[in-house]
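Dear colleague,

I am passing on to you the structure that we talked about, with the sequence beside it. Please keep both open while you read, since the notes below go through what was found.

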Amino acid sequence: MIRAFGWGEVLFIVWALRWTLALSAIAFIGGGICGLAVALARTSTSRALRLVTTGFIRLFQGTPLLMQLFLVYFGMSIFGLGIDPWAAAAVALSLHAAAFLAEIWRGCIEAIPPGQNEAATALGLTWGSRMRYVILPQAMKIAVAPTVGFLVQLVKGTSLAAIIGFTELTRSGQIISNATFQPFLVFSLVAGLYFVICWPLSFLASRLERRLARATAR
Amino acid sequence: MSAADDRSEQPAGSAAPLIAVRMQGVSKWFGSFQALNKIDLTVRRGEKIVVCGPSGSGKSTLIRCINQLEPIQAGSIVVDDIDLGAGGKNVQRVRREVGMVFQSFNLFPHMTVMDNCILAPMKVRNAPKDEAIATARKYLARVHIPEQADKYPAQLSGGQQQRVAIARALCMNPKIMLFDEPTSALDPEMVQEVLDTMIDLAEEGMTMVCVTHEMGFARRVADRVVFMDHGEIVEVAPPEEFFERPSHERARLFLGQIQRTHKPVPE
Ligand SMILES: Nc1ncnc2c1ncn2[C@@H]1O[C@H](COP(=O)(O)OP(=O)(O)OP(=O)(O)O)[C@@H](O)[C@H]1O
Ligand SMILES: [Mg+2]
C-alpha cells in the first residue's frame with residue numbers, strides 16, 4: 001500500500017526533529033562535561049593522565065562515528081545492558097563529542113601564554129584556582145566560536161543514529177520514504193530541516209570568529 | 001611603627017629566621033642540558049641581591065627555583081626556614097611568602113587592576129573581600145597608581161602595568177620579592193618609574209633578589225651582586241667592588257658589553 005505524501009507525513013517528520021534536538025543537546029552536555037575533564041587531564045602535568053586522555057582522543061578521532069555507534073550499541077547488549085538505541089546513541093555521541101571538544105579546548109587552554117599560569121602559581125594559587133579564575137575564563141573566550149562550529153557537526157552527526165534504529169529526523173524520513181515511495185521529496189524536506197538548524201549556528205560561529213579576530217587584532 | 005617596619009623587624013623573641021633563602025649545591029637540568037651547576041647562595045633577611053650575567057647563563061632559572069616554578073634535581077633550597085625539598089605543603093607555604101615580578105608583567109588581562117590584586121589574598125589567604133580591597137588600595141597608592149584600580153591591564157602603559165604587578169605581589173604581604181628583569185620589556189622612558197618603586201621597596205627593608213642589568217639600580221640598592229655564567233655563580237661581590245674591580249675575566253667581558261649597550265641610568 002502506497003501512502004500519499006501529505007500534511008500528516010510532513011508533520012511526522014517535522015515532529016521527529018525534537019529527537020534530533022534532544023539527542024544533540026544530550027550529546028553536547030554530556031560531551032561538554034567529559035570533554036572539559038579530558039581537556040584538563042590532557043593539559044595536566046601528570047604523564048599518565050596525558051597518555052590515557054591522548055589515547056581516548058586519538059581513538060575517537062581516528063574511527064568513524066558510525067563504528068562508534070555500532071560498538072556502543074552492540075557492546076551494550078553483549079555486556080547485558082539490553083538493546084536500547086536511545087541510550088546507545090546518547091552514550092556514543094557523548095563520547096564522540098567529548099573527544100572532539102577536549103581537543104578543541106586543549107588548544108584554547110594551551111593558547112593562553114604560560115606566563116599567566118606562572119604568575120598565578122607564584123601567587124600561591126592552587127591548580128584548581130588557577131584554572132577556574134585565570135586560565136579557563138581566558139580560554140573560554142577563544143573557545144566559543146570553534147565550539148559552536150563543532151555543535152553544527154554534532155547535529156548533523158546525530159543522523160547516523162538512524163542506522164541503529166533511533167527514530168530521529170533521518171529515521172522518520174526513511175519511514176515516510178518507505179511508505180510513500182517519494183524519497184527525493186522526503187529527503188529534501190529532511191535536509192531542509194537540518195539546514196534550518198545548522199545554518200544559523202554556522203552563521204553564529206563565523207560571526208563570533210570574526211568578532212574574536214577583531215578583538216585580538218587590537 | 002610603619003608597615004615596612006613590622007614586615008622587616010619582628011618583635012623580640014619571635015623566631016624570625018635571619019636567613020631568607022639558603023641554596024646549597026643546587027643543580028638543575030632541562031633534559032640533558034644543565035642550566036644550574038651546584039649553586040650555593042645565601043640571602044640574609046633584608047638583603048638585596050642583584051643577579052646579572054649573559055643571556056642563557058641561568059639567572060631566570062635560579063630565581064624561579066626559589067619559589068619552585070622550576071623543580072631542581074640536586075641540592076637543597078630553604079626559604080624562610082621552610083625546606084622546599086621536604087614535600088607536603090611546603091611549596092605552597094613558600095609561594096605564599098615569596099612575591100614574584102616578571103619581565104612580561106603577566107597581569108591577568110580579563111580582570112581589573114583591583115581584581116588582579118585581590119585574587120590571591122582572597123583565594124590563598126582567605127582574606128575577606130573588604131580587607132583585601134583595603135590592602136590593594138594601600139599598595140596601589142604606594143606604587144603611585146591608586147586611580148587605576150578599575151581599569152583593565154590593557155588600558156595601562158607598560159610602566160603602570162609593571163607597577164600593578166609589583167602591587168599585586170605585595171598584596172600577599174610577602175617576606176621576599178623576586179624580580180626577573182622587571183624593566184627589560186619597558187620603553188626607556190618608563191624604566192625609571194619602575195626602578196623607583198623597587199628602590200622604595202628596598203628602602204623599606206624588603207628582602208629582594210633582582211635579575212637586572214640596570215647598573216645604576218644595582219649600585220644604589222644592592223648589598224651584593226651575583227654574577228652568573230654557564231649555570232654557575234662566578235663572582236659574588238658588593239656592587240662597588242664588582243663594577244670597579246671585577247676579579248674574573250668573564251665578569252670584565254660582560255661588564256664591557258653591557259656598558260656598550262646600556263646607557264647609565266641617572267640616579
Ligand atoms: N623550559 C626550558 N627548557 C629547556 N631549556 C631551558 C628552559 N628554560 C631555560 N632553558 C635553558 O636554560 C638556560 C638558562 O636559561 P635562563 O632563562 O635561566 O637564562 P637567563 O640567564 O635568564 O637568560 P636571559 O638573560 O636570556 O633571560 C638557557 O640556555 C635556556 O635555553
Ligand atoms: Mg631570563
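This is a predicted model, and I would begin with the sheet in chain B, which is open and made of 6 strands in the order β6-β7-β8-β3-β9-β10, with mixed pairing. As general background, the strands of a sheet pair through backbone hydrogen bonds, and they do so either parallel or antiparallel. At the edges of the sheet in chain B you will find β6 (98-101) and β10 (232-237), each of which pairs on one side only. Neighbouring strands of this sheet are turned against each other by 20° on average, if direction is ignored.

One pair of strands is worth following residue by residue. Strand β7 of chain B, residues 176-180, runs parallel to strand β8 of chain B, residues 207-211, and 5 bridges join the two. Within this pair, B:F179 of chain B stands opposite B:C210 in β8(B).

Two helices can then be added to the picture. Helix α6 of chain B (residues 158-170) packs on the sheet, where it touches β6 and β7 of chain B, and its direction makes about 170° with that of β6(B). Helix α3 of chain B (residues 90-97) lies across β6 and β7 of chain B, and it runs at about 65° to β6(B).

Next comes ligand 1. Which residues are around ligand 1? They are B:F30, B:F33, B:A35, B:P54, B:S55, B:G56, B:S57, B:G58, B:K59, B:S60, B:T61 and B:E181, and this shell divides into 4 nonpolar, 6 polar and 2 charged residues. Both β2 (33-44) and α2 (59-66) of chain B supply at least two residues of the shell, while the largest share, 3 residues, comes from α2(B).

Some of these residues also make polar contacts with the ligand. An oxygen atom of ligand 1 is 2.6 Å from an N or O atom in the side chain of B:S55, and for the side chain of B:T61 the corresponding distance from a ligand oxygen atom to an N or O atom is 2.5 Å. With B:G58 the contact involves the backbone, as a polar backbone atom of this residue is 3.0 Å from an oxygen atom of ligand 1. On its own ligand 1 has 630 Å² of accessible area, and the protein covers 59% of it.

Finally, please look at chain A, which has 8 helices and 0 strands, so that its pattern along the sequence reads α-α-α-α-α-α-α-α. The C-alpha trace of chain A spans about 75 × 50 × 25 Å along its principal axes.

With best wishes

Definitions and conventions
Residues are numbered from 1 along each chain as its sequence is written. Chains are lettered from A and ligands numbered from 1 in the order in which they are written. This is a predicted model: local features need pLDDT of at least 70, side-chain atom pairs count only at pLDDT 80 or more; totals for chains, interfaces and linings use all residues. Side-chain values use heavy atoms; hydrogens and water are left out. Two strands pair if DSSP finds at least two bridges between them. Helices (H or I, at least four residues) and strands (E, at least two) are DSSP runs, numbered from the N terminus. Axes are lines fitted to C-alpha atoms, for helices over the stretch in contact, and angles run from 0 to 180 degrees between N-to-C directions. Contact means heavy atoms within 4.5 Å. A residue is near a molecule or strand if one of its heavy atoms lies within 4 Å of it. A polar contact is a pair of N or O atoms within 3.5 Å; within protein, one must be able to donate a hydrogen and the other to accept it, and residues adjacent in sequence count only if both atoms are side-chain atoms. Accessible areas come from the Shrake-Rupley method with a 1.4 Å probe; for residues, only the protein chains shown count as cover. Ala, Val, Leu, Ile, Met, Phe, Trp, Tyr, Cys and Pro count as nonpolar, Asp, Glu, Lys and Arg as charged, and the others, Gly among them, as polar.
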